[in-house]
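Let's take a walk through the charged pairs in this one. Have the model open and turn on the side chains as you read.

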Amino acid sequence: VGGVFAAGGSGPLGSTVALPGGGPGSGVPAVGEVWIASLAIPVGLAFWFSLAAIYHLGADLLGGRGDGRRLLAAIGLASLPEAFRLPVVVLASRLPVAGGLVESVAGVALFAWSFYLVYLALRATKGLAPGRAAFTAFLPLLALVVLFVFVIIAILFSAIFAAGMA
């Protein structure tokens with residue numbers, strides 16, 4: 001691989017960025033990293049609003065009462081533990097032997113911490129009972145599973161239909 005992505009090469013928009021030691025991502029154009037980082041903000045905001053909307057709808061359907069603005073703020077605060085993911089990744093990349101294990105364990109711990117904060121946010125802002133709050137906290141995961149099942153069924157039916165047409 002040469003040209004734009006070669007270590008020390010120059011792309012059409014300028015210089016490239018190389019990580020020390022030629023690790024993953026060496027020679028990635030700096031403009032690409034800035035572009036991806038600038039997309040992360042609107043995508044993150046859309047994800048935050050969508051997640052709060054799913055939680056708000058689910059909580060209201062399960063008998064919760066409360067303001068969606070408070071839930072939106074609480075969901076935002078519940079995602080703050082994810083800010084520790086980058087330092088954990090950097091620390092794990094510097095460990096010679098158990099870096100992957102440290103990153104995996106810390107990732108599970110950060111997810112569990114965020115999930116528990118979402119559970120507490122649902123209980124506090126929507127006034128849900130503990131079981132209903134836990135079920136509501138699992139709703140986005142359940143929605144993804146249902147969507148995945150529908151996609152698999154659609155693929156199977158289209159394959160059966162295509163085989164019948166042939």
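Start with Arg-69, which pairs with Asp-67 in a salt bridge, their closest N and O atoms sitting 2.9 Å apart. Keep in mind that you're looking at a predicted model. Arg-69 is exposed, at 65% relative accessibility, while Asp-67 comes in at 26% and counts as partly exposed. As for what brings such partners together, side chains of opposite charge can pair when their charged atoms come close.

That pair has company, as the structure holds three salt bridges. Move along to Arg-85, whose side chain meets that of Glu-82, with 2.8 Å from N to O. Here Arg-85 is partly exposed, at 32% relative accessibility. Glu-82 is partly exposed too, with a relative accessible area of 27%.

Now for Asp-60 and Lys-126, whose side chains meet in a salt bridge at 2.9 Å, N to O. Which parts of the chain does this pair tie together? Asp-60 belongs to helix 1 (residues 30–61) and Lys-126 to helix 4 (residues 99–126), so the salt bridge links parts that are 66 residues apart in sequence.

Is Lys-126 buried or exposed? Lys-126 has just 1% relative accessibility, and since anything under 20% is called buried, that's where it falls. Its partner Asp-60 is partly exposed, with a relative accessible area of 29%. So if you click on this pair, you'll find a buried lysine, Lys-126, joined to a partly exposed aspartate, Asp-60.

How values were computed: Residues are numbered from 1 along each chain as its sequence is written. This is a predicted model: local features need pLDDT of at least 70, side-chain atom pairs count only at pLDDT 80 or more; totals for chains, interfaces and linings use all residues. Side-chain values use heavy atoms; hydrogens and water are left out. A salt bridge is a side-chain nitrogen of Lys or Arg within 4 Å of a carboxyl oxygen of Asp or Glu. Helices (H or I, at least four residues) and strands (E, at least two) are DSSP runs, numbered from the N terminus. Buried means under 20% relative accessible area, exposed over 50%, partly exposed in between (1.4 Å probe, protein chains only).
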